[in-house]
Amino acid sequence: MTVDQILNAKGKNVFSVRSTTTVYEALKVMGDKNIGAILIIDGTDLKGILSERDYARKIVLKDKSSKETFVDEIMESNVFTVQLSNNIDDCMELMSSKRIRHLPVLENGTVVGIISISDVVKAIIEIQKDTIHHLNSYISQ
């Protein structure tokens, strides 16, 4: 299964804020959209990603104000990305080795979606269900 197939099933909605957005405003968007991370995009350029973990570690634990801190001060700017053609094994390996939970999806340098670890796990489970079904059918014959 490819990233493109995952996005076709889940949708290609991308929620983002600009780098000059306050952390508080970014958190409001994340809460409204029920997402655990938000992309930081200026124009069409992916600048970073902000997660709930970033907020907890870089704002709460450092006693900073989310209303006075801009996302570009705490976002992760070294963003790992995937292409539509990547398979889920590539994604799982990248997410596991880099200890990340979200992967923006790029096509020709432009963000076209984002997948999470739960999207990848769901896809793996579906593949395993199909494999089990085929094996059961084979055994039953």
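**Notebook: a buried loop serine, two cores, one patch**

I started with Ser66, which sits in the loop joining helix H3 (52–60) to helix H4 (71–74). The model is a predicted one.

Is Ser66 buried or exposed? I looked up its relative accessible area and found 12%. The cut-off for buried is under 20%, so Ser66 counts as buried. I then listed what Ser66 touches, leaving out residues up to four places away in sequence: Thr22, Val23, Tyr24, Tyr55 and Ile59.

Next I went to the nonpolar cores. The largest has 15 residues. Val3, Val82, Cys91, Leu103, Val105 and Ile115 have the most contacts inside it. Which elements give two or more residues to this core? I noted helix H1 (3–10), helix H5 (88–98), strand S5 (102–107), strand S6 (110–116) and helix H6 (117–140). H5 supplies the largest share, four residues.

I picked Val82 for a contact list. Val82 touches Val3, Cys91, Leu94, Leu103, Pro104, Val105 and Leu106, again not counting residues up to four places away in sequence. Apart from this core lies another, of 11 residues. Among them are Met30, Ile38, Leu50 and Ile59. I had already met Ile59 as a contact of Ser66.

Last, I checked the surface. Leu135, Tyr138 and Ile139 make a nonpolar patch of about 390 Å². I placed Tyr138 in helix H6. Is Tyr138 buried or exposed? Its relative accessible area is 63%. Exposed means over 50%, so Tyr138 is exposed. Helix H6 also gives two or more residues to the largest core.

Conventions
Residues are numbered from 1 along each chain as its sequence is written. This is a predicted model: local features need pLDDT of at least 70, side-chain atom pairs count only at pLDDT 80 or more; totals for chains, interfaces and linings use all residues. Side-chain values use heavy atoms; hydrogens and water are left out. A nonpolar core is a set of buried Ala, Val, Leu, Ile, Met, Phe, Trp, Tyr and Cys residues joined through side-chain atoms within 4.5 Å. Buried means under 20% relative accessible area, exposed over 50%, partly exposed in between (1.4 Å probe, protein chains only). Contact means heavy atoms within 4.5 Å. Patches are made of residues with over 30% relative accessible area and no salt bridge: like charges are joined within 9 Å, nonpolar side chains (Val, Leu, Ile, Met, Phe, Trp, Tyr) within 5 Å. Accessible areas come from the Shrake-Rupley method with a 1.4 Å probe; for residues, only the protein chains shown count as cover. A salt bridge is a side-chain nitrogen of Lys or Arg within 4 Å of a carboxyl oxygen of Asp or Glu.
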